[in-house]
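Me: I should like to work through a protein model step by step. Please show the sequence and the structure before we begin.

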Amino acid sequence: MKSKYPTAICPDGKGGDDGIDCFTGNLKRGALHVFQHKFLPDTLKPAGKGQIIRSLKMLLQKHSN
């Protein structure tokens, strides 16, 4: 992540990360690119898709802009 986006911030997820694993830009102004990291060897199966959808929904609830 840091090699491609050197200014990326990857908050410590202890206590919850509100769906953000790493981001570039500014959280308050909305000029933001958010990255959610998952390791899902069976991503295309329903359980993997469900994890991705839940993470996206959480992100949109916490950071609707």
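The questions and answers below concern this predicted model.

Me: In what pattern do the helix and the strands follow one another along the sequence?
Reply: The protein contains two strands and one helix. Read along the sequence, these elements give the pattern β-β-α.

Me: Is T24 buried or exposed?
Reply: T24 belongs to strand 1, which covers residues 22-25. Its relative accessible area is 9%, and the cut-off for a buried residue is under 20%. T24 is therefore classed as buried.

Me: Which residues is T24 in contact with, leaving aside its neighbours within four places in sequence?
Reply: A contact requires heavy atoms within 4.5 Å. With those neighbours left aside, T24 is in contact with Y5, A8, A31, L32, H33 and F35.

Me: What kind of aromatic pair do Y5 and F35 form?
Reply: The count of aromatic pairs comes to one. In the pair of Y5 and F35, the ring centres are 5.1 Å apart and the planes meet at 45°. Planes under 30 degrees apart would count as stacked and those over 60 as edge-to-face, so the rest are tilted. The pair of Y5 and F35 is thus tilted.

Me: How many residues apart in sequence are the parts that this pair ties together?
Reply: Y5 lies in the segment before strand 1, whereas F35 lies in strand 2, residues 32-35. The pair therefore ties together parts whose separation in sequence is 30 residues.

Me: What percentage of the residues in the protein is buried?
Reply: Y5, at 31% relative accessible area, is partly exposed, and F35, at 21%, is partly exposed as well. Of the 65 residues in the protein, the buried share is 18%.

Technical notes. Residues numbered from 1 in each chain as written. Predicted model: local features only at pLDDT ≥ 70, side-chain atom pairs only at ≥ 80, totals over all residues. Heavy atoms only, no water. Helix = DSSP H or I, 4+ residues; strand = E, 2+ residues; numbered from the N terminus. Buried < 20%, exposed > 50% of the residue type's maximum accessible area, 1.4 Å probe, protein only. Phe/Tyr/Trp six-rings, centres within 6.5 Å; stacked < 30°, edge-to-face > 60°.
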